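Student: I should like to be guided through this structure by question and answer. May we begin?

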Amino acid sequence: MRKPYREYKQFLTEKFGCRVHKISLDAGLTCPNRDGTAGTGGCIYCNARGSGTGAHERALSIREQIDNSMEYLRKRFKAEKFLAYFQSFSNTYAPLPRLKSLYEEALSVKDVVGITIGTRPDCVNEEILDYLAFLQKRTYLCLEYGLQSAHDRTLKIINRGHDVATFVKAVDATRRLNIPVCVHVILGLPGETEEDMLETAKFLAGLDIQAIKIHVLYVIKDTVLEQMYLKGQYKCLEREDYVRIAARFLACLPPHVVIQRVTGDPHRNELVAPSWTLEKQKNIAMLVDYMETNNLKQGSWFKKSFASISQALTGVSRNSKS
Ligand code: SF4
């Protein structure tokens with residue numbers, strides 16, 4: 001059944017002509033917000049695994065990680081082709097020769113038709129972007145930037161270690177080379193109202209981006225956020241609130257942006273709260289139901305004038321390509 005938003009699964013099928021699945025990889029890298037370079041000790045919701053699979057700790061090579069997942073995905077989802085997703089930590093945060101060798105190892109595996117690279121906006125430079133532009137001449141490639149919120153005050157609270165202007169600069173440099181951009185956003189960050197979150201949606205709607213991932217903030221063990229939660233300094237979003245805000249967030253986005261994710265996928269053993277985030281399929285069903293009941297679909301509230309919001313938040317003028 002078609003979703004009221006531009007679903008990633010559908011996008012991949014149209015692009016590659018068959019069932020394509022992402023394979024999450026842990027390349028054993030780190031991030032400047034954790035290793036001390038940005039000087040802050042990490043985002044408040046991140047634990048030592050950095051949203052990762054932990055596969056590198058188990059000493060699995062990139063090829064072994066891909067081989068292991070392929071077998072399962074072929075059986076479970078009838079996947080035929082695969083995208084290598086460098087997920088854990090910041091996957092452009094290493095010397096270029098090391099990055100080249102990691103990406104090439106993934107692309108050398110039969111049936112891998114492209115790579116997607118998760119990173120931070122302060123972890124790209126001209127040398128890396130030029131290489132990625134060269135690489136995408138022979139394969140599908142997407143760069144995924146963590147932003148989380150378009151509000152600098154929130155980025156300070158969550159200890160991101162970069163600001164919104166740095167993100168905009170990275171997106172501009174990436175798009176100048178025609179490399180597709182996916183942006184990660186978290187709803188329910190400390191101190192944010194629904195209006196703040198929808199402003200993030202409008203801000204992104206005014207930028208030249210190709211895809212978005214959204215999920216609710218969840219509390220995992222051994223994080224600063226866990227301490228805040230236990231002391232009563234942070235309250236998680238209720239499921240109904242998340243569903244409503246996510247639906248409205250999608251309504252603000254232009255219809256061409258691919259929605260790669262609408263829920264989180266916490267590790268059961270690491271999750272502190274909220275427990276409803278474990279019910280992924282139910283959450284998606286509730287979101288779709290809310291959108292249909294309220295006659296909303298992606299793009300319902302989109303306006304070209306949203307470009308002025310990104311201009312107001314960054315002081316830089318730019319045009320939407322929608
Ligand atoms: S940028 Fe990613 S890996 Fe680095 S501290 Fe934040 S969540 Fe963790």
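Tutor: The following exchange treats a pocket, a buried arginine and some backbone angles. This is a predicted model, in which local features need pLDDT of at least 70 and side-chain atom pairs count only at pLDDT 80 or more, while totals for chains, interfaces and linings use all residues. Residues are numbered from 1 along each chain as its sequence is written, and side-chain values use heavy atoms, with hydrogens and water left out.

Student: Which helix supplies the largest share of the lining of the second largest pocket?

Tutor: A pocket is an open set of points on a 1 Å grid over the protein atoms alone where a 1.4 Å probe fits, with protein on both sides within 12 Å along at least five of seven lines; lining residues have an atom within 4 Å of a point. The second largest pocket is lined by 13 residues, with Phe11, Tyr140, Pro180, Gln210 and Val258 nearest its centre. Helices (H or I, at least four residues) and strands (E, at least two) are DSSP runs, numbered from the N terminus; H1 (8–16), E4 (140–148) and E8 (258–261) each supply at least two lining residues. The largest share, three residues, comes from helix H1.

Student: Which side chain of opposite charge is nearest to arginine 160, and how far away is it?

Tutor: Arginine 160 lies in the loop between helices H5 (152–157) and H6 (164–176). Lys and Arg count as positive and Asp and Glu as negative; His and the chain ends are not counted. Arginine 160 is buried (under 20% relative accessible area, 1.4 Å probe, protein chains only), yet has no salt bridge, that is, no side-chain nitrogen of Lys or Arg within 4 Å of a carboxyl oxygen of Asp or Glu. The nearest side chain of opposite charge is aspartate 122, 6.5 Å away.

Student: Is aspartate 111, which has a positive phi, buried or exposed?

Tutor: Most residues other than glycine have a negative phi. Aspartate 111, in the loop between helix H3 (96–107) and strand E3 (112–119), has a phi near 75 degrees. At 15% relative accessibility, aspartate 111 counts as buried.

Student: What is the relative accessible area of lysine 78?

Tutor: Lysine 78 lies in the loop between helix H2 (62–77) and strand E2 (81–86), and its phi is positive, near 55 degrees. Exposed means over 50%, and lysine 78 is exposed because its relative accessible area is 64%.

Student: What is omega for the peptide bond from alanine 273 to proline 274?

Tutor: Most peptide bonds are trans. Proline 274 is in the loop between strand E9 (271–273) and helix H10 (280–293). The bond from alanine 273 to proline 274 is cis, with omega near -5 degrees.
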